[in-house]
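Here's a friendly walk through one protein model, a few spots at a time. Have the sequence and the 3D view open as you read.

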Amino acid sequence: MGLEESRQEFESLMGKVSRDGIDRLMDFIRKSDFYTAPASTRFHGSCEGGLLTHSLNVYHNLYKKRSEENTVWGDVLKDIPEESIVIAALLHDICKTYYYTTEMRNKKIDGRWEQVPFYTVDDKIPYGHGEKSVMMIEEYIKLTPAERYAIRWHMGPYSGTQDWTTFAAAMQKYPLCLAIFEADMEATYISEKEE
(Lines give C-alpha, C1' and ligand atoms only; values in the text may rest on other atoms or scores of the structure.)
Protein backbone atom coordinates (compact mmCIF):
# COMPACT_ATOMS: atom_id res chain seq x y z
CA MET A 1 0.00 0.00 0.00
CA GLY A 2 1.36 3.42 -0.93
CA LEU A 3 1.71 6.43 1.32
CA GLU A 4 -1.40 8.15 -0.09
CA GLU A 5 -3.57 5.03 0.33
CA SER A 6 -2.29 4.62 3.89
CA ARG A 7 -3.07 8.26 4.68
CA GLN A 8 -6.60 7.83 3.30
CA GLU A 9 -7.16 4.68 5.36
CA PHE A 10 -5.88 6.41 8.50
CA GLU A 11 -8.16 9.40 7.95
CA SER A 12 -11.14 7.16 7.19
CA LEU A 13 -10.59 5.23 10.44
CA MET A 14 -10.10 8.42 12.44
CA GLY A 15 -13.35 9.64 10.91
CA LYS A 16 -15.10 7.08 13.14
CA VAL A 17 -14.04 9.09 16.21
CA SER A 18 -16.71 11.59 17.22
CA ARG A 19 -15.24 13.41 20.20
CA ASP A 20 -14.98 17.08 20.92
CA GLY A 21 -11.64 18.30 19.61
CA ILE A 22 -11.11 15.55 17.00
CA ASP A 23 -11.05 18.14 14.19
CA ARG A 24 -8.25 20.03 15.94
CA LEU A 25 -6.34 16.79 16.55
CA MET A 26 -6.62 15.82 12.87
CA ASP A 27 -5.51 19.32 11.89
CA PHE A 28 -2.42 18.88 14.08
CA ILE A 29 -1.70 15.47 12.52
CA ARG A 30 -2.11 16.78 8.96
CA LYS A 31 0.25 19.70 9.60
CA SER A 32 2.82 17.55 11.42
CA ASP A 33 5.22 14.98 10.00
CA PHE A 34 3.04 12.07 11.22
CA TYR A 35 2.34 10.79 7.70
CA THR A 36 5.98 10.93 6.57
CA ALA A 37 7.93 10.26 9.78
CA PRO A 38 9.74 6.96 10.33
CA ALA A 39 8.66 4.60 13.11
CA SER A 40 12.24 4.23 14.35
CA THR A 41 15.78 5.23 13.47
CA ARG A 42 16.99 1.86 12.24
CA PHE A 43 14.64 -0.92 13.30
CA HIS A 44 11.03 -1.36 12.20
CA GLY A 45 9.66 1.24 9.82
CA SER A 46 12.86 3.27 9.50
CA CYS A 47 11.66 4.78 6.24
CA GLU A 48 9.46 7.61 5.05
CA GLY A 49 5.90 6.87 6.16
CA GLY A 50 7.05 4.17 8.59
CA LEU A 51 5.11 5.66 11.51
CA LEU A 52 1.88 5.73 9.51
CA THR A 53 2.38 2.15 8.29
CA HIS A 54 3.20 0.95 11.80
CA SER A 55 0.14 2.65 13.28
CA LEU A 56 -2.12 1.00 10.69
CA ASN A 57 -0.47 -2.40 11.29
CA VAL A 58 -1.11 -2.09 15.04
CA TYR A 59 -4.74 -1.17 14.31
CA HIS A 60 -5.24 -4.21 12.03
CA ASN A 61 -3.65 -6.54 14.59
CA LEU A 62 -5.71 -5.13 17.45
CA TYR A 63 -8.92 -5.19 15.40
CA LYS A 64 -8.39 -8.90 14.58
CA LYS A 65 -8.02 -9.66 18.29
CA ARG A 66 -11.50 -8.21 18.87
CA SER A 67 -13.05 -10.67 16.40
CA GLU A 68 -15.51 -13.29 17.72
CA GLU A 69 -13.37 -15.94 16.04
CA ASN A 70 -10.40 -15.03 18.23
CA THR A 71 -10.77 -17.58 21.04
CA VAL A 72 -8.26 -15.79 23.28
CA TRP A 73 -9.26 -12.14 22.90
CA GLY A 74 -12.74 -12.12 21.36
CA ASP A 75 -14.66 -12.24 24.64
CA VAL A 76 -12.20 -9.99 26.47
CA LEU A 77 -12.35 -7.16 23.92
CA LYS A 78 -15.94 -7.51 22.67
CA ASP A 79 -17.20 -4.67 24.86
CA ILE A 80 -14.38 -2.28 23.93
CA PRO A 81 -15.90 0.30 21.54
CA GLU A 82 -14.46 0.40 18.03
CA GLU A 83 -13.66 4.07 18.63
CA SER A 84 -11.33 3.02 21.46
CA ILE A 85 -9.60 0.46 19.21
CA VAL A 86 -9.07 3.16 16.56
CA ILE A 87 -7.74 5.74 19.03
CA ALA A 88 -5.47 3.41 20.99
CA ALA A 89 -3.94 1.73 17.94
CA LEU A 90 -3.60 4.65 15.55
CA LEU A 91 -2.40 7.19 18.10
CA HIS A 92 -0.26 5.08 20.44
CA ASP A 93 2.95 6.45 18.87
CA ILE A 94 1.83 10.02 18.17
CA CYS A 95 4.74 11.00 20.43
CA LYS A 96 6.98 10.30 17.43
CA THR A 97 5.72 13.35 15.54
CA TYR A 98 8.47 15.95 15.30
CA TYR A 99 10.73 13.39 17.01
CA TYR A 100 13.11 12.39 14.22
CA THR A 101 15.44 14.39 12.05
CA THR A 102 17.62 13.44 9.11
CA GLU A 103 21.40 13.77 9.15
CA MET A 104 24.12 12.68 6.75
CA ARG A 105 26.83 10.10 7.32
CA ASN A 106 29.48 8.35 5.27
CA LYS A 107 28.70 4.90 3.93
CA LYS A 108 30.78 2.71 1.67
CA ILE A 109 28.79 1.89 -1.46
CA ASP A 110 30.40 -0.15 -4.24
CA GLY A 111 33.84 0.52 -2.76
CA ARG A 112 33.36 4.29 -2.56
CA TRP A 113 32.45 6.46 0.41
CA GLU A 114 29.26 8.43 -0.11
CA GLN A 115 27.14 10.76 2.01
CA VAL A 116 23.80 9.11 2.78
CA PRO A 117 20.89 10.32 4.91
CA PHE A 118 19.92 8.55 8.12
CA TYR A 119 17.37 9.16 10.86
CA THR A 120 18.32 10.36 14.29
CA VAL A 121 16.31 11.34 17.39
CA ASP A 122 15.73 14.99 18.24
CA ASP A 123 13.39 14.77 21.24
CA LYS A 124 12.15 18.29 21.87
CA ILE A 125 9.69 17.14 24.56
CA PRO A 126 11.47 14.53 26.74
CA TYR A 127 8.40 13.28 28.57
CA GLY A 128 8.70 9.54 28.08
CA HIS A 129 7.02 7.49 25.40
CA GLY A 130 3.51 6.26 26.17
CA GLU A 131 2.86 9.04 28.64
CA LYS A 132 3.94 11.60 26.03
CA SER A 133 1.44 10.17 23.53
CA VAL A 134 -1.33 10.41 26.16
CA MET A 135 -0.35 14.00 26.94
CA MET A 136 -0.32 15.01 23.27
CA ILE A 137 -3.69 13.38 22.49
CA GLU A 138 -5.36 14.91 25.54
CA GLU A 139 -4.37 18.36 24.39
CA TYR A 140 -7.16 17.82 21.83
CA ILE A 141 -9.57 15.08 22.92
CA LYS A 142 -10.49 13.37 26.17
CA LEU A 143 -9.43 9.74 26.44
CA THR A 144 -11.32 7.07 28.35
CA PRO A 145 -9.40 5.42 31.19
CA ALA A 146 -8.93 2.22 29.13
CA GLU A 147 -7.52 4.20 26.17
CA ARG A 148 -5.25 6.24 28.43
CA TYR A 149 -3.82 3.15 30.12
CA ALA A 150 -3.47 1.20 26.86
CA ILE A 151 -1.55 4.01 25.17
CA ARG A 152 0.58 4.67 28.25
CA TRP A 153 1.48 0.98 28.61
CA HIS A 154 1.68 -0.06 24.95
CA MET A 155 5.42 -0.71 25.39
CA GLY A 156 4.63 -3.28 28.08
CA PRO A 157 7.67 -4.45 30.02
CA TYR A 158 9.99 -2.52 27.67
CA SER A 159 9.31 0.66 29.60
CA GLY A 160 11.73 -0.55 32.30
CA THR A 161 11.87 -3.16 35.04
CA GLN A 162 10.87 -0.57 37.64
CA ASP A 163 7.45 -0.44 35.93
CA TRP A 164 6.68 -4.18 35.73
CA THR A 165 4.44 -4.28 38.81
CA THR A 166 2.53 -1.20 37.67
CA PHE A 167 2.16 -2.62 34.13
CA ALA A 168 0.79 -5.87 35.58
CA ALA A 169 -1.78 -3.94 37.63
CA ALA A 170 -2.77 -1.88 34.55
CA MET A 171 -3.25 -5.09 32.50
CA GLN A 172 -5.52 -6.56 35.15
CA LYS A 173 -7.60 -3.41 35.32
CA TYR A 174 -7.68 -2.77 31.54
CA PRO A 175 -7.01 -5.83 29.32
CA LEU A 176 -6.70 -3.44 26.36
CA CYS A 177 -3.20 -2.66 27.74
CA LEU A 178 -1.98 -6.20 27.04
CA ALA A 179 -3.89 -6.43 23.76
CA ILE A 180 -2.29 -3.30 22.31
CA PHE A 181 1.16 -4.32 23.56
CA GLU A 182 0.77 -7.62 21.71
CA ALA A 183 -0.59 -5.88 18.58
CA ASP A 184 2.37 -3.48 18.66
CA MET A 185 4.91 -6.29 18.99
CA GLU A 186 3.18 -8.31 16.25
CA ALA A 187 3.34 -5.29 13.93
CA THR A 188 6.98 -4.65 14.75
CA TYR A 189 8.35 -8.18 14.61
CA ILE A 190 5.97 -9.94 12.19
CA SER A 191 4.01 -7.60 9.89
CA GLU A 192 6.81 -5.10 9.32
CA LYS A 193 9.50 -7.74 9.05
CA GLU A 194 7.65 -9.03 5.98
CA GLU A 195 7.41 -5.54 4.45
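Which helix gives the most to the lining of the second largest pocket? That would be α6, with three residues. Keep in mind that what you're looking at is a predicted model.

**The second largest pocket**

This pocket has a volume of about 150 Å³. Its lining is made up of 13 residues, and F28, T97, Y98, I125 and M136 sit closest to the centre. Sorted by class, the lining has seven nonpolar residues, one polar and five charged.

**Helix α6 and its surroundings**

Since α6 has already come up, let's stay with it. The helix covers residues 130–137. Six of its eight residues are buried, so α6 is largely enclosed by the rest of the structure. The buried ones are G130, K132, S133, V134, M136 and I137. M136 you've met already, as one of the residues closest to the centre of the second largest pocket. And what do the buried residues of α6 pack against? They pack against α2 (22–31), α5 (82–91) and α7.

**How α6 meets α7**

Two packed helices are described by the angle between their axes and the distance between the axes. Helix α7 spans residues 145–152, and its axis comes within 7 Å of the α6 axis, crossing at roughly 140°. The two helices are therefore oblique to each other. On the α6 side, the contact is made by G130, E131, S133, V134 and I137, while α7 brings R148, I151 and R152. By class, that contact has three nonpolar, two polar and three charged residues.

Between these two helices runs a loop, and E138 has its place there. E138 is in contact with L143 and R148, once neighbours within four places in sequence are left aside. E138 and R148 are 10 residues apart in sequence, with 9.1 Å between their C-alpha atoms.

Over in helix α7 you'll find E147. Not counting residues up to four places away in sequence, E147 touches R19, E83, S84, I87 and K142.

**A look at helix α1**

Now jump to R7, which is found in helix α1 (residues 3–14). Its contacts, setting aside neighbours within four places in sequence, are Y35 and L52. R7 and G49 are 42 residues apart along the chain, and their C-alpha atoms are separated by 9.2 Å.

So how do these three charged residues compare in accessibility? Here they are side by side.

| Residue | Relative accessible area | Class of exposure |
|---|---|---|
| E138 | 32% | partly exposed |
| E147 | 0% | buried |
| R7 | 24% | partly exposed |

The cut-off for buried is under 20% relative accessible area. E147 has a relative accessible area of 0%, so E147 counts as buried.

**The largest pocket**

Last stop: the largest pocket, with a volume of about 400 Å³. It is lined by 18 residues, and F43, H44, M155, T188 and Y189 lie nearest its centre. Which helix gives the most to this lining? It's α9 (residues 176–194), with four residues. By class, the lining of the largest pocket has seven nonpolar, seven polar and four charged residues.

Terms used
Residues numbered from 1 in each chain as written. Predicted model: local features only at pLDDT ≥ 70, side-chain atom pairs only at ≥ 80, totals over all residues. Heavy atoms only, no water. Axes fitted to C-alpha atoms, helices over the stretch in contact; angles between N-to-C directions. Parallel < 35°, antiparallel > 145°, perpendicular 65-115°, else oblique. Contact = heavy atoms within 4.5 Å. Nonpolar A, V, L, I, M, F, W, Y, C, P; charged D, E, K, R; others polar. Buried < 20%, exposed > 50% of the residue type's maximum accessible area, 1.4 Å probe, protein only. 1 Å grid on protein atoms, 1.4 Å probe; cavity = no way out; pocket = protein on both sides within 12 Å on 5 of 7 lines; lining within 4 Å. Points joined across faces, edges and corners; volume = space filled by probe spheres on them.
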